[in-house]
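I opened a fresh page for this one and kept my notes in the order I looked things up. Have the sequence and the model beside you as you read.

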Amino acid sequence: MILFILVALTEEYLYRVTLYFKISEILNLKSNVLKIVFSIILTNILFSIAHYPIRHYNFSKLFEIFITGIYFSYLFLRTGNIYLACMMHFCFDFPILTTVNIGYYYEEIILLIISIMLIESYYMIKHYYIRLFSKYEQS
């Protein structure tokens, strides 16, 4: 289990922090949005390719890893917290330690939806909380 925690920490730091910012620095695009999008796509292509030799995945598995990597990038860029992406990476890898059941992919989708809802709820509450208190401070 400790090995899977260390794998999640090192992979997330390597791909979401080191490679993402290095690719973003190298890309010479005028639009920041395009720079972010291309950096995320290139980083996650590398993330997917790095997972190919582990289990000899086919294209659909590589695409699944690519989408999962985009989700981890979203978590990191939205929150600015690499540990949240590491924790979710570990949660996605955890079924490897146990017998993978048929409902595993449904659990992944539910986990993904719940985490996005929690993150967005936090930012909505934070936004309205700041607006509420700034309104009272002005009066």
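**Entry 1: a helix and its length.** I began with a rule: the expected span of a helix is 1.5 Å times one less than its number of residues. The model I applied it to is a predicted one. Helix α3 covers residues 59–79, which makes 21 residues, so it should span 30 Å. I then looked up the distance between its end C-alpha atoms and found 30 Å, in agreement with the rule. Just after α3 I came to G80, which takes a positive phi of about 75 degrees.

**Entry 2: the overall plan.** Next I stepped back to the whole protein. I noted 5 helices and 0 strands, and from the N terminus on the elements run α-α-α-α-α. The protein has 139 residues, and buried ones make up 31% of them. I also looked at contacts with a separation of 6 or more: 61% of these join residues 24 or more positions apart.

**Entry 3: what α3 hides.** Which residues of α3 are buried? I listed L62, I65, F66, T68, G69, Y71, F72, S73, L75 and F76. Several names came back when I turned to the largest nonpolar core, which has 15 residues. The members that touch the most others are Y71, F72, L75, I82, A85 and M88. I checked where the core comes from: α1, α3, α4 (82–97) and α5 (104–138) each supply at least two of its residues. I added a general reminder in the margin: in soluble globular proteins, nonpolar side chains tend to be buried together.

**Entry 4: rings.** How many aromatic pairs does a search of the whole structure find? The search gives 5. One of them is F21 with F76, an edge-to-face pair at 6.2 Å centre to centre, with 80 degrees between the planes. This pair links distant parts of the chain, since F21 is in helix α1 and F76 in helix α3, 55 residues apart. The two partners differ in exposure: F21 is partly exposed at 44% relative accessible area, whereas F76 is buried at 10%. I then looked at Y71 and F72, whose pair is tilted, at 5.9 Å centre to centre and 45 degrees between the planes. Both Y71 and F72 are buried. Finally, I found that Y20, F21 and F76 form one aromatic cluster.

**Entry 5: salt bridges.** How many salt bridges are there? I counted 2. My general note for this entry is that side chains of opposite charge can pair when their charged atoms come close.

- In one, the side chains of R16 and E12 meet at 2.8 Å, N to O. Both residues lie in helix α1 (residues 2–26), 4 residues apart, or about one turn of the helix.
- In the other, the side chains of E25 and K22 meet at 3.6 Å, N to O. These two are 3 residues apart in helix α1, so about one helical turn separates them.

Are the partners buried or exposed? R16 is buried, with a relative accessible area of 1%, and E12 is buried too, at 0%. Buried here means under 20% relative accessible area and exposed means over 50%. E25 therefore counts as exposed, at 58%, while K22, at 44%, is partly exposed.

**Entry 6: back to R16.** I followed R16 a little further. Where does its charged end sit? I found it over the ring of F47, 4.5 Å from the ring centre.

**Entry 7: T43 and F21.** T43 lies in helix α2 (residues 32–55). Its relative accessibility is 1%, so T43 counts as buried. Setting aside residues up to four places away in sequence, T43 touches Y15, R16, L19, Y20 and I23. I looked up F21 for comparison, back in helix α1. Leaving out its neighbours within four places, F21 is in contact with R16 and F76. R16 thus appears on the contact list of T43 and on that of F21. My last lookup was the distance from F21 to T43: they are 22 residues apart in sequence and 9.5 Å apart in space, C-alpha to C-alpha.

How values were computed
Residues are numbered from 1 along each chain as its sequence is written. This is a predicted model: local features need pLDDT of at least 70, side-chain atom pairs count only at pLDDT 80 or more; totals for chains, interfaces and linings use all residues. Side-chain values use heavy atoms; hydrogens and water are left out. A salt bridge is a side-chain nitrogen of Lys or Arg within 4 Å of a carboxyl oxygen of Asp or Glu. Buried means under 20% relative accessible area, exposed over 50%, partly exposed in between (1.4 Å probe, protein chains only). A nonpolar core is a set of buried Ala, Val, Leu, Ile, Met, Phe, Trp, Tyr and Cys residues joined through side-chain atoms within 4.5 Å. Rings of Phe, Tyr and Trp (its six-membered ring) pair if their centres lie within 6.5 Å; planes under 30 degrees apart count as stacked, over 60 as edge-to-face and the rest as tilted. A charge sits over a ring if NZ of Lys or CZ of Arg is within 6 Å of the ring centre and within 35 degrees of the ring normal. Contact means heavy atoms within 4.5 Å.
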